[in-house]
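Here is a short tour of one model, written for someone who likes to know the cut-offs behind each term. Have a look at the structure first, and then we can go through it together.

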Amino acid sequence: MTTTLNTLKDNKGARHRAKLLGRGIGSGKGKTSGRGGKGQTARTGVAINGFEGGQTPIHRRLPKRGFTNNLRKEIIVVNTGTIQQYIDSGKLTGKKITNEALKAAGVLKKLGDGVKLLGKGELKAALTIEVDFASEAAIALVKKAGGEVVVLSKNAKAEAKPGKDSKSKKPKAKKSAEPKAE
């Protein structure tokens, strides 16, 4: 027998008709309709968050891990190749490029807690780039193109801390043998 559209049929048992609820005690699903007594779970639109029917829920089966650092600084990265693309398209002009110029040109959406220059991509233009941080590779690329990178001092790495040898201890005041005059 060939199969045609008018002879298509589901497999036996493929469609199960749901039991009608709340149609008297003789049906077996009357009165509370299988929802138990009163309370939150007897109402519609309720799913108790994280409840898995008495099974230990996933948030208790898995261990705690890590923490969220609320003092984290958000450093925005920009690549040398991206700067070159914006220069080629004419959106970024001038020989001196600052954080504000990058934002105004649309290279960056926001400045965050600082901007870091990374050396991904090629840079052909000789530029002076002022950023808060820069990788060694980025500095080398900019210098190779004939420019320079100015790392702003407010976020630059702190001066090397003096060693123990250079710390000067205050000499203790010697007690004089002479009594104080009263």
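Helices (H or I, at least four residues) and strands (E, at least two) are DSSP runs, numbered from the N terminus. This is a predicted model, in which local features need pLDDT of at least 70, side-chain atom pairs count only at pLDDT 80 or more, and totals for chains, interfaces and linings use all residues. Residues are numbered from 1 along each chain as its sequence is written, and side-chain values use heavy atoms, with hydrogens and water left out.

**Confidence**

The average pLDDT (the predictor's confidence in each residue, from 0 to 100) is 86 for the protein, and 84% of the residues score at least 70. Over residues 155-162 pLDDT stays under 50, and the model has five contacts there beyond four places in sequence; contact means heavy atoms within 4.5 Å. Where pLDDT is low, the predicted coordinates should not be read in detail.

**Positive phi angles**

Most residues other than glycine have a negative phi. The table lists some positive values.

| Residue | Phi | Place |
|---|---|---|
| K31 | near 50° | segment before α1 (58-61) |
| S33 | about 55° | segment before α1 |
| G90 | about 90° | just after α2 |

K31 is exposed (over 50% relative accessible area, with buried under 20% and partly exposed in between; 1.4 Å probe, protein chains only), because its relative accessible area is 78%.

**Helix α2 and T80**

T80 belongs to helix α2, residues 80-89. T80 counts as buried because its relative accessibility is 0%. A polar atom of the T80 side chain lies 3.2 Å from the backbone oxygen of G121. Beyond four places in sequence, the contacts of T80 include L117, G121, A138 and V142.

T80, G81, I83, Q84 and Y86 are the buried residues of α2. They pack against β1 (76-79), β2 (96-97), α3 (99-105), β3 (115-118), β4 (128-131) and α4 (136-144).

**The nonpolar core**

Which residues touch the most other members of the largest nonpolar core? A nonpolar core is a set of buried Ala, Val, Leu, Ile, Met, Phe, Trp, Tyr and Cys residues joined through side-chain atoms within 4.5 Å. Of the 20 residues in the largest one, V78, I83, L92, L102, V107, L117 and I129 touch the most other members. The elements giving two or more residues to this core are β1, α2, α3, β3, β4 and α4. Leaving aside neighbours within four places in sequence, V78 has contacts that include I83, L102, V107 and L117.

Methods: Polar contact = N/O pair within 3.5 Å; in protein donor to acceptor, adjacent residues only side chain to side chain.
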